[in-house]
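Ready for a few exercises on a protein you haven't met before? Have a look at the sequence and the structure, then work through the tasks one by one.

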Amino acid sequence: KVDTVGGKVGDSLRANLASVELNAELTRLRSDMEIGTPLSELLWGGVSSSELNQLLDKLEIKALKDRVKALGASDAETVTTKAVPTESKIVTKEVSAEDLSRLLSGRKEPIAISINAPEGKILEYSVALDETNLLIIRDSNLGKWWNDSSLPKYLHGAKEIIRNFPISGLDFDTELAAYLVNPGGRNLALDDLTERFLGVVNAEQEESLFSQFDGLGAISIMKLVPLLRKEISEREMSALMSDMEIPVLVELAEMESTGIGVDLDKLRELSGFFRNEVDRETSGAHKQAGREFNVGSPKQLQAILFDELNLPKTKKIKTGFTTDAESLDWLFAKTKHPILKHLLRIRETSKLLTTVDGLIDATANDGRIHTIFQQTVTATGRLSSTNPNLQNIPVRTEEGRKIRDCFVSKAPYTTLLTADYSQIEMRIMAHLSKDPGLIEAFKSGEDLHTTSASLVFGVKPTEVDAELRRQIKAISYGLAYGMGAYGLSQSLDIEVGAAQKLMDEYFKRFGGVRDYLANVVEVARKLGYTETIMGRRRYLPDLMHDNRQRREVAERMALNAPIQGSAADIIKLAMLNVQSELVKGGFTSRLLLQVHDELILEVIDKEVDAVTELVRREMGNAFPLKAPLNVGIGVGKNWNVAAH
């Protein structure tokens, strides 16, 4: 029959007959196959919770895990719904705070503690003596045992409690440990860890004013500690946990409790100024547009700029054309239309107004702001700050510095002292790469970027102008943050080819940096993680991903993590050393904040010189880098004046 098909179709059919027959075989549904497995064993019997939860935990898909619970469990599987495995029979006993103090007097074996303390006020708590014996105390009082340094204590998220109730003997924090094990993870709640490490699904309970605190979290903590200790030990981070992260947690809690003083009247005055600026600039924008419109509405902005004023179109987006700050900057540079000047000023002052109003709202009755330091958020180990974010107070503009004027010392303290590291990322780069040229540039004591530009561009240091310095600075920090030629071209607003040429010239002079950057990614690819100078690991599974975009993102992380993570390690060490020496020397002066690579202290007048020397020494000797650490220090009545 194949021969009867004529024309080109027939010719094509006969030429590809083998493929046609194969396709027919592959697409035909077979009903005569021998299957060794009975059909009864192929029937779906429900969700295998333990296997599914392990997979979803690995993928960190918490929302989906909650949704699949509604599907029900496999008939062959019994889902545990208690807070601890059924084979461990928990003996629970309610005791008074006084009875607990007597029971724990002289005890040296560790205890695990779970505390019910909404808004920082203790209502009740529980103590696990081991994995099966639980004591519940329906009282807000903590006994002397809380400050007994010889009694090891395990908690979860301890900083939130010890901020208001200082502790001695904190030996382990399960939240902090889980973060160190997987710093890229986000599910660090006790319930999540209990499910992930103990294979226990906690029953969902309706929250109610009348729900009873069962205290079983203490048992979970007691069971988690040995498992997390093992994980940390296998990753060779035991010293990092015990010698750095736990002491940092305790110090941060004290700093949060202390807070930093603010001049509330100055803040309110600034708020009024920025609000007036927003109103004035808004009126100016309305005048230029010829009518009133909502300057905060992208849709209305698009209508004004592109339809009514016929300005050049920006980047196309789903809702039309973008009106973000970068686009408005581009439009203003291109057209100089006065409405854009008003809009850019509105954006700037609105942001400052939001910052100032947030600080006013965050000021406590004691006239101080008590920010919360987040120790388990960033993947590199750096601290972040929330409620409010004091790491985001502007410093580069005059108006931003006016906000820093509002952070002040308060009696009996007379001065704020600020101390920060100069070019710490580049010093770490020099240390890790062992590049002799970069190390020598630091040891010479001359300006790094001037020296580097002189070498790279082949000019005398006196001939390095502002533009050459800007270019070399962009290259140096770009490399430290995993930037490639494209990123550098965007930063310097030049062609990609020109950016690549600049990088090539840089690498000719600093070959050690080139070799280090090439090697660090390959080592991370083999090991699956990067390490800081203190052994802090960051796991990067995407280094082996088939998707090129995801792989390149992971490669940039591999370049940046050892440098930024090592900077985080060093400032934490410095903070601990400074605090230790302040205590040892009996100083009244105290630590208030850590902001990026900067420490801020509140100092009494007679201790200024001694504390300045102490801070310079302890920060400078925090870690023996091949490119020595350089510390800048300033003092003044407020944060802005103390800047240097």
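Below are five exercises, each with a worked solution.

This is a predicted model, in which local features need pLDDT of at least 70 and side-chain atom pairs count only at pLDDT 80 or more, while totals for chains, interfaces and linings use all residues. Residues are numbered from 1 along each chain as its sequence is written, and side-chain values use heavy atoms, with hydrogens and water left out.

**Exercise 1. Get an overview of the protein.**

Step 1: Start with the secondary structure, where helices (H or I, at least four residues) and strands (E, at least two) are DSSP runs numbered from the N terminus. The protein has 25 helices and 19 strands.

Step 2: Check the extent. The C-alpha trace spans about 105 × 75 × 60 Å along its principal axes.

Step 3: Look at burial. A residue is buried under 20% relative accessible area, exposed over 50%, and partly exposed in between (1.4 Å probe, protein chains only). Of the 644 residues, 48% are buried.

Step 4: Turn to contacts, meaning heavy atoms within 4.5 Å. Among contacts with a separation of 6 or more, 65% are between residues 24 or more positions apart.

**Exercise 2. Find where the chain makes cis peptide bonds at Pro388 and Pro412.**

Step 1: Asn387 and Pro388 are joined by a cis peptide bond with omega about -5°. Pro388 sits in the loop between β12 (384-386) and α15 (398-404).

Step 2: Go on to Ala411 and Pro412, whose peptide bond is also cis, with omega near 10°. Pro412 belongs to the loop between β13 (407-408) and β14 (415-421).

**Exercise 3. Are Lys336 and Asn387 buried or exposed?**

Step 1: Begin with the backbone. Lys336 isn't a glycine, yet its phi is positive, near 60°. Asn387 isn't a glycine either, and its phi is about 55°.

Step 2: Place them. Lys336 lies in the loop between α13 (325-335) and α14 (338-362), and Asn387 is in the loop between β12 and α15.

Step 3: Apply the burial cut-offs. Lys336 has 55% relative accessibility, so it counts as exposed. Asn387 has 60%, so it counts as exposed too.

**Exercise 4. What does the salt bridge between Asp171 and Arg229 tie together?**

Step 1: Recall the idea: side chains of opposite charge can pair when their charged atoms come close. The rule used here asks for a side-chain nitrogen of Lys or Arg within 4 Å of a carboxyl oxygen of Asp or Glu. That gives 37 salt bridges.

Step 2: Asp171 and Arg229 form one of them, at 2.5 Å from N to O. Asp171 is in strand β6 (residues 170-173) and Arg229 in helix α9 (residues 217-234), so the pair ties together parts 58 residues apart in sequence.

Step 3: Check the surroundings. Asp171 is partly exposed at 33%, and so is Arg229 at 34%.

**Exercise 5. Compare two further pairs, then look for a network.**

Step 1: Arg235 and Glu231 meet in a salt bridge at 2.5 Å, N to O. Arg235 is buried, with 17% relative accessibility, whereas Glu231 is partly exposed at 23%.

Step 2: Arg550 and Asp542 also form a salt bridge, with 3.2 Å from N to O. Arg550 is partly exposed at 41%, and Asp542 is partly exposed at 24%.

Step 3: Finish with shared partners. Glu277, Arg280, Glu281, Arg345, Glu348 and Glu399 are linked into one network by salt bridges that share partners.
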